[in-house]
Amino acid sequence: MQKAKSVAGQNNNEALRVLQTVSLYLTGNMEQDINDKDTYTNNTSGMQKARSYITVKVFGKTITLATFYFPSGTLKVKGYHTMNENGVVTSSSTAIDVPLKGVKMHFLTWFYWGHTYTDENGYYQASESYLLDPIHTIYFSGRTKNQQNSWDLDRVWLWGSCLWVQKHCLGEQSKDVYNATIDVTSDAWDACITNNAFYEYMTICDKEGLTRPPSHLQVALRVNLSGSSSAPLFQNHTNTFTTSVLAGFFTSTFITGGSTAPATVVYIAFLNSLPDILLSAGNIEEYQNYGYSRKSSLNEYYSTIWHELSHSSNLQRVISEKGYWTASDFWSQMIGTEVGHSVASGHPYGAKGDTNWQQVALCEGWAYYRGWQMARNYLNYTPNSSYESSFPYDYQDMFNELFIKGCSLTNMEKCLTVKTLAEYKSLLTNIYSFDAVKVTNINVIVNKYYNKTY
């Protein structure tokens, strides 16, 4: 609940406003005709009027000054589809202006600064008033309409260390109404479409009855580089499996002179900078270099983002079902397994039969399935990963077969809290114990993939 300002506080604020206004007038920084109120407004259709005026005397002369403008407008980005609050999608074969959803718009003048967020239509309106035209800056610190989920798209350094939130300055713009569209040629385009993919993922989760990710995600977005993506979720669980690996990496990278232990304060700062999700927006250009259209390249990138966000929802599901510490152990084992495989062979997934292969099959299979299914359902696009027939990509087919046989997405996700196929099968058959046919189908399908050879 917002507290009402005291009368003294209101008077002080108004006095400061008058002082600011008169100062600008005396120093020649207010160029409007002080005898005409209408010159303090923009008479263009759709523009707002100044909210109020004050009358002051300067050297015996009475002047009327507009005092309250609340910057507003609509932010858009070039894309190929729009999605409304209910998950209904309208696609386009060519690039169109689509709303830039849930990003922070920051305002700055000599005297005031503040911010607001765009809504699902890309519309924003400041809650603070401005007398001067403020500098408008987009901060890629996004959130959903109900503020249940938020995320920071961070500039990165070295191994995905998050330094600060990415931003895009739009320059000094009207204190009244200002609209902007971020084109594909802008260096902020990658961050804009990444932000929208996050926002729309939350919409899809709600529509399909699936778990949203943890309330806040720290995202390392490499805007100009291609490479692999991952969801280590360092800020949303206590990682026990790879602590020694991270300490060794930190020591070899930052500590010189033969030191064998990381400097505690700096090391803690390093750990706090590690991402939940690592994305490489440069993959969009890389796909185009392979001959994909810009639209197909963007759809592949969306599918990748939704794959990684499915991992974050998986972690949140384990937290909800079994608690934080069990979830930390669960995800530490998963990340530790993939780190170990990467070091040993350069491929994070390993092979069927390796240590912890069943958890990899379940978690990665589900994430590939979700990225594939969402792309097909909402983008009318089949991702390239759907053609993979090797481990663990083909385990997305297991989930698809279960879905075709009547297992709901909600129930399949609810069971993804275990590390083996046998445990997963047991949880899922328990849910459908009232349906003998469905239980039989679950056993047949899971057993087929458990016994599959390559």
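**Strands, core and pocket in a predicted model**

Student: In this predicted model, seven bridges join strand 3 (residues 72–83) to strand 4 (residues 89–99), and the two run antiparallel. Which residue in strand 4 is the bridge partner of Gly79?

Tutor: Strand 3 and strand 4 form a hairpin with five residues between them, and in that turn Gly87 has a positive phi of about 80°. Within the antiparallel pairing of these two strands, the partner that Gly79 meets in strand 4 is Ile96.

Student: Which residue of strand 13 stands opposite Lys76?

Tutor: Strand 3 also pairs with strand 7 (residues 123–125), where three bridges join the two in the antiparallel sense and Gly73 has Tyr124 as its bridge partner. With strand 13, by contrast, strand 3 pairs in the parallel sense over three bridges. In that parallel pairing, the residue opposite Lys76 is Thr181.

Student: Is Val177 buried or exposed?

Tutor: Val177 lies in the loop between strand 12 and strand 13 (180–182), and its C-alpha atom is separated by 8.6 Å from that of Thr74, although the two residues are 103 apart along the chain. To count as buried, a residue must have under 20% relative accessible area. Because the relative accessibility of Val177 is 18%, Val177 counts as buried.

Student: How many residues of strand 5 are buried?

Tutor: Strand 5 (residues 104–108) is joined by five bridges to strand 6 (residues 113–117), with which it runs antiparallel, and a hairpin of four residues links these two strands. One bridge in this pairing has His106 matched with His115 in strand 6. Strand 5 also pairs with strand 8 in the antiparallel sense over five bridges, and there Lys104 stands opposite Tyr139. Strand 5 is mostly covered, and of its five residues the number buried is four.

Student: Why does Thr137 count as buried?

Tutor: Thr137 has its place in strand 8 (residues 135–139). Leaving aside neighbours within four places in sequence, Thr137 is in contact with residues that include Lys104, Met105 and His106, as well as Lys167, His168, Cys169 and Leu170. Thr137 counts as buried because its relative accessibility is 8%.

Student: Which helix gives the largest share of the largest nonpolar core?

Tutor: In soluble globular proteins, nonpolar side chains tend to be buried together. The largest nonpolar core here has 91 residues, of which Trp306, Met398, Phe399, Leu402, Met412 and Tyr424 touch the most other members. The largest share of this core is 13 residues, and these come from helix 8 (residues 357–379).

Student: Which residues does Phe399 touch, not counting those up to four places away in sequence?

Tutor: Phe399 is among the residues of the largest nonpolar core that touch the most other members. Once residues up to four places away in sequence are set aside, Phe399 touches Leu362, Gly365, Trp366, Tyr369, Met412, Leu416 and Tyr424.

Student: How many charged residues are in the lining of the second largest pocket?

Tutor: The second largest pocket has a volume of about 360 Å³, and of the 20 residues that line it, the closest to its centre are Ser186, Asp187, Asp190, Val223 and Asn224. Strand 12 (167–172), helix 2 (189–208) and helix 5 (283–289) each supply at least two residues of this lining. By class, the lining has eight nonpolar and six polar residues, and the number of charged residues is six.

Definitions and conventions:
Residues numbered from 1 in each chain as written. Predicted model: local features only at pLDDT ≥ 70, side-chain atom pairs only at ≥ 80, totals over all residues. Heavy atoms only, no water. 1 Å grid on protein atoms, 1.4 Å probe; cavity = no way out; pocket = protein on both sides within 12 Å on 5 of 7 lines; lining within 4 Å. Points joined across faces, edges and corners; volume = space filled by probe spheres on them. Nonpolar A, V, L, I, M, F, W, Y, C, P; charged D, E, K, R; others polar. Buried < 20%, exposed > 50% of the residue type's maximum accessible area, 1.4 Å probe, protein only. Contact = heavy atoms within 4.5 Å. Core = buried A, V, L, I, M, F, W, Y, C linked by side-chain atoms within 4.5 Å. Pairing = 2+ DSSP bridges.
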